[in-house]
Amino acid sequence: MLGALTCEPSVPFGLDSGSPRVQSTALEPGDSVLLYTDGVIEARTAAGAELGLERLVDLLEREAAAETAPEETLRRLIRSTLDVRGGTLRDDATLV
């Protein structure tokens, strides 16, 4: 099943003096979790069109329907992000 994990945003670990908030969710065998930075969904073409969350979800849904292995799915997502930007990035764009 494809869905978003919901939690309150927090400052990344190590960037403030407070303790990080711990979040949890139940996963089932075979589940995968994709972590990404805003630089992925905010990647823009030369014409200014954004990759966007909707397109990222569409790519994930297609790969899940094809039962693509997680490591290949990640490779394809990275390639798509780079393709949107013409092979270069101006912002942090991380997929894990």
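**Figure 1. Length of helix 2 in the predicted model.** Helix 2 covers residues 52-65, which makes 14 residues. At 1.5 Å a residue it should span 20 Å, and its end C-alpha atoms are 20 Å apart, so the expected span and the model agree.

**Figure 2. The buried face of helix 2.** Gly52, Leu56, Leu59, Leu60 and Glu63 are the buried residues of this helix. Viewed down the helix axis, they fall within an arc of 130 degrees, so they line one face. An α-helix has 3.6 residues a turn, so residues three or four places apart point the same way. The buried residues of helix 2 pack against helix 1 (38-41) and helix 3 (70-84).

**Figure 3. The other face of helix 2, and the residue Glu67.** Glu54 and Ala65 are exposed and sit on the face of helix 2 turned away from its buried side. Just after the helix comes Glu67, with a positive phi of about 55 degrees.

**Figure 4. The largest nonpolar core.** This core has 10 residues in all: Val40, Ile41, Ala43, Leu51, Leu56, Leu59, Leu60, Leu77, Val84 and Leu95. At least two of them come from each of helix 1, helix 2 and helix 3. Helix 2 gives the most, with three residues. In soluble globular proteins, nonpolar side chains tend to be buried together.

**Figure 5. Contacts of Leu95.** Leu95 is part of the largest nonpolar core. Leaving aside residues up to four places away in sequence, Leu95 touches Leu34, Leu35, Tyr36, Val40, Leu74, Leu77, Ile78 and Thr81. Among these partners, Val40 and Leu77 also belong to the core.

Conventions. Residues numbered from 1 in each chain as written. Predicted model: local features only at pLDDT ≥ 70, side-chain atom pairs only at ≥ 80, totals over all residues. Heavy atoms only, no water. Helix = DSSP H or I, 4+ residues; strand = E, 2+ residues; numbered from the N terminus. Expected span 1.5 Å × (residues − 1). Buried < 20%, exposed > 50% of the residue type's maximum accessible area, 1.4 Å probe, protein only. Arc of directions from axis to C-beta. Contact = heavy atoms within 4.5 Å. Core = buried A, V, L, I, M, F, W, Y, C linked by side-chain atoms within 4.5 Å.
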